[in-house]
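Visitor: I should like to examine this structure residue by residue. Please guide me through it.

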Amino acid sequence: MRDGEMTWKRLAFAGLLIVTLTGAATSVGATVIPALAGPAPVKPTMTAEPSAEPSAEPSISASPSPTPSASNSPRPSGAFAGWASNLSGKVDIPKTALESYGYAEWVLQQTRSTCKLQWTTLAAIGKLTSDHGRQGGGTIDAQGRSKPGLVGPALSGSDSDGGALDGDQAKDHAVGPMQFTPTMWRAFGVDADSDELADPQDVDDAALSAGYFLCDTGADLSIVANWKKAINAYHGLAPHIDKIFETAQSYGTKSKE
């Protein structure tokens, strides 16, 4: 693993072992990325049209909390299975993806406490970029990986990673359920599920990495100006910031019903 990459430890929490990040650096690097394989990748598209720009941050949602019900799960995010099971139908988010969003919020509470990023914002990004991995008939498997791999359209400019993430040695593409560009992934990609691979096609890794991107400045994202700045910096989201807000707001409201 490269210098600056985060070290993982297993800690006891609520009677079960889950993984949390310790000694997090300001910038982290990705580990080895597995080659894309299987059926031809789905190409996500963003179809939401912007309307009014948000004037407030998304409302407070039901907070994720780990439970002993998923103590046998190989994925640390499986500790949030009980929370996700109760909420999945209400918000129409696949349980595996919802576990990842909840786990990411929980980890960020420990490692970026000033950020105050909620799972609803991560879920709204996942909805817009890939419908939580379901776009084009895709799915996220039990291990949290997109099937087939999600690869967006070619971006302007030349290839920057030799096709490591997207299989294209001529042009870069955004990839995975959270649509990371190679540049974003090199700076913020993390192995969130301790499988020794940082993989943007893995929703556990992608959700937490997106959280680290949004929280990079250390700003309090419960303040609307900071929230908008973070969303606008994320690849492809600036024209859709109103939709991100509306979706996050909706998830927060439904989570409390």
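Visitor: Is Ser88 buried or exposed?
Guide: The model is a predicted one. In it, Ser88 is found in helix α1, which covers residues 81-91. Its relative accessible area is 16%. Buried means under 20%, so Ser88 counts as buried.

Visitor: Which backbone oxygen lies 2.5 Å from a polar atom of the side chain of Ser88?
Guide: Leaving aside residues up to four places away in sequence, Ser88 touches Ile93, Pro94, Lys95 and Leu98. The backbone oxygen that lies 2.5 Å from a polar atom of the Ser88 side chain is that of Ile93.

Visitor: What is the order of helices and strands along the chain?
Guide: The chain has seven helices and six strands. Read along the sequence, they follow the pattern β-β-α-α-α-β-β-β-β-α-α-α-α.

Visitor: What share of the residues of the chain counts as buried?
Guide: The chain exposes about 10,700 Å², of which carbon and sulfur atoms supply 54%. Among contacts between residues at least 6 apart in sequence, 64% join residues at least 24 apart. Of the 257 residues, the share that counts as buried is 53%.

Visitor: Against which helices do the buried residues of α7 pack?
Guide: Helix α7 spans residues 241-255 and reaches 21 Å from its first C-alpha to its last, close to the 21 Å expected at 1.5 Å a residue. Its buried residues include Ile241, Ile244, Phe245, Ala248 and Tyr251. An α-helix has 3.6 residues a turn, so residues three or four places apart point the same way. The buried residues of α7 pack against α1, α3 and α6.

Visitor: What is the geometry of the ring pair of Phe180 and Trp185?
Guide: The count of aromatic pairs comes to nine. In the pair of Phe180 and Trp185, the ring centres are 5.0 Å apart and the planes stand at 80°. Planes over 60 degrees apart count as edge-to-face, so the pair of Phe180 and Trp185 is edge-to-face.

Visitor: Which residues do ring pairs link into a cluster with Phe180 and Trp185?
Guide: Phe180 counts as buried at 0% relative accessibility, and Trp185 is buried with a relative accessible area of 1%. Ring pairs link these two into a cluster with Phe188, Phe213 and Tyr234.

Visitor: Where in the chain are the two cysteines of the disulfide, and how many residues apart are they?
Guide: There is one disulfide by count, and it joins Cys115 to Cys215 with an S to S distance of 2.0 Å. The pair links distant parts of the chain, with Cys115 in the loop between α2 and α3 and Cys215 in the loop between α5 and α6; they are 100 residues apart.

Visitor: What is the handedness of the link of Cys115 and Cys215?
Guide: Both Cys115 and Cys215 are buried. The angle about the S-S bond is -75°, and the link is left-handed.

Visitor: Is Asp166 buried or exposed?
Guide: Asp166 has its place in the loop between β5 and β6. The C-alpha atoms of Asp166 and Pro182, 16 residues apart along the chain, are separated by 8.5 Å. With a relative accessible area of 8%, Asp166 is buried.

Visitor: Which backbone nitrogens does the side chain of Asp166 reach at 2.8 Å?
Guide: One of them, at 2.8 Å, belongs to Asp168. The side chain of Asp166 also reaches, at 2.8 Å, the backbone nitrogen of His173. The residues asked for are therefore Asp168 and His173.

How values were computed:
Residues numbered from 1 in each chain as written. Predicted model: local features only at pLDDT ≥ 70, side-chain atom pairs only at ≥ 80, totals over all residues. Heavy atoms only, no water. Helix = DSSP H or I, 4+ residues; strand = E, 2+ residues; numbered from the N terminus. Buried < 20%, exposed > 50% of the residue type's maximum accessible area, 1.4 Å probe, protein only. Contact = heavy atoms within 4.5 Å. Areas by Shrake-Rupley, 256 points an atom, 1.4 Å probe, with all protein chains shown as cover. Polar contact = N/O pair within 3.5 Å; in protein donor to acceptor, adjacent residues only side chain to side chain. Expected span 1.5 Å × (residues − 1). Phe/Tyr/Trp six-rings, centres within 6.5 Å; stacked < 30°, edge-to-face > 60°. Disulfide = S-S within 2.5 Å.
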